[in-house]
Amino acid sequence: MKEINIIAPVKKPEDILEFSHQTNCRAYYVYYTKFLNGNFDYVKDFVSNAKKTGAKIYINFKHDIVEEELPEIKKFLKYLKTSEIDGVFINSFAVLEAIKVFKLPFDVIIDSYFDIHNLSGIDFMNSFHKIDGIIIT
């Protein structure tokens with residue numbers, strides 16, 4: 001049997017320290033919206049606390065992303081290439097299209113919230129599965 005990992009949501013960098021002290025959880029995610037509007041460097045606080053506890057940190061790009069957000073999300077993805085995050089969760093075709101231009105140095109995890117309901121969506125996802133670092137769950 002494969003190992004089961006639980007990745008818990010956090011809202012503040014301090015949550016990583018507290019949860020890691022009180023539980024065995026060593027993987028956390030935070031929603032991308034925490035870092036928009038010129039707040040990209042806030043990622044460093046999450047990464048720092050994850051490293052202190054031997055944990056992993058992921059950024060979760062939710063499915064409700066609108067077209068107007070894409071330019072800033074692309075800038076954020078470019079920024080994340082230089083960060084030390086462990087990966088991103090993708091559950092939006094908009095973000096999936098955006099990452100095609102980036103060679104990301106971390107895992108891209110396609111999570112179950114992606115809601116693929118037809119053969120075209122499956123074919124589209126299969127084309128991404130051939131890219132290193134993309135994990136479909």
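Of the 137 residues of the chain, 42% count as buried, and the model from which this figure is computed is a predicted one. The accessible surface of the chain comes to about 8400 Å², with carbon and sulfur atoms contributing 52% of that area. When contacts with a separation of 6 or more are considered, 63% of them join residues that lie 24 or more positions apart.

## Order of elements and strand pairing

The chain holds 5 helices and 6 strands, and from the N terminus on these elements run β-α-β-α-β-α-β-α-β-α-β. Strands β3 and β4 pair in the parallel sense over 4 bridges, with F61 having I90 of β4 as its bridge partner, and together with α3 these two strands make a right-handed β-α-β unit. Strand β4 is also joined to β5 by 4 bridges, and this pair runs parallel; here G87 stands opposite D107 in β5, and β4, α4 and β5 make a right-handed β-α-β unit. Within β4, the residues G87 and F89 point one way while V88 and I90 point the other way, and all of these are buried.

## Helices α1 and α2

Helix α1 spans residues 13–22, and its buried residues are P13, D15, I16 and S20. Because these residues cover an arc of only 145 degrees around the axis, they lie on the same side of α1. The exposed residues H21 and Q22 are carried by the face of α1 turned away from that buried side. The packing partners of the buried residues of α1 are β2 (27–31), α2 (43–53) and β3 (56–61).

In α2, the buried residues are V43, F46, V47, N49 and A50. Their directions cover an arc of only 165 degrees around the axis, so they sit on the same side of α2. Turned away from this buried side is a face with the exposed residues K44, K51 and K52. The buried residues of α2 pack against α1, β2, β3 and α3 (70–80), and the helix is followed by G54, whose phi is positive, near 70 degrees.

## Individual positions

What separates the following residues in terms of relative accessibility and place in the chain is set out in the table.

| Residue | Place | Relative accessibility | Class |
|---|---|---|---|
| I57 | strand β3 | 1% | buried |
| N60 | strand β3 | 6% | buried |
| N37 | loop between β2 and α2 | 70% | exposed |

I57 counts as buried because its relative accessibility is 1%, which lies under the 20% limit used for that class. Not counting residues up to four places away in sequence, I57 touches V10, I16, Y28, Y29, F46, V47, A50, I85, D86 and G87. Among these partners, I16 is one of the buried residues of α1, whereas F46, V47 and A50 are among the buried residues of α2. I57 and I7 are 50 residues apart in sequence, and their C-alpha atoms are 8.8 Å apart in space.

N60, which is also found in strand β3, counts as buried because its relative accessibility is 6%. With its neighbours within four places in sequence left aside, N60 is in contact with Y29, V30, Y31, Y32, F89 and N91.

N37 belongs to the loop between β2 and α2, and at 70% relative accessibility this residue counts as exposed. Although N37 is not a glycine, its phi is positive, at about 60 degrees.

## Nonpolar cores

The largest nonpolar core has 37 residues, and those with the most contacts inside it are I57, I59, F61, F76, L80, I85 and V88. Two or more residues are given to this core by each of β2, α2, β3, α3, β4 (87–90), α4 (93–99) and β5 (107–110), and the largest share, 6 residues, comes from α3. For I85, leaving aside neighbours within four places in sequence, the contacts are V43, V47, I57, I59, L80 and F106. Apart from the largest core lies another core, of 5 residues, including Y29, Y58, F89 and I109. Two residues named in this other core, Y29 and F89, are also in contact with N60.

Notes
Residues are numbered from 1 along each chain as its sequence is written. This is a predicted model: local features need pLDDT of at least 70, side-chain atom pairs count only at pLDDT 80 or more; totals for chains, interfaces and linings use all residues. Side-chain values use heavy atoms; hydrogens and water are left out. Buried means under 20% relative accessible area, exposed over 50%, partly exposed in between (1.4 Å probe, protein chains only). Contact means heavy atoms within 4.5 Å. Accessible areas come from the Shrake-Rupley method with a 1.4 Å probe; for residues, only the protein chains shown count as cover. The arc is that of the directions from the helix axis to the C-beta atoms. A nonpolar core is a set of buried Ala, Val, Leu, Ile, Met, Phe, Trp, Tyr and Cys residues joined through side-chain atoms within 4.5 Å. Two strands pair if DSSP finds at least two bridges between them. A crossover is right-handed if, with the strands pointing away from the viewer, the path from the first strand over the helix to the second runs clockwise.
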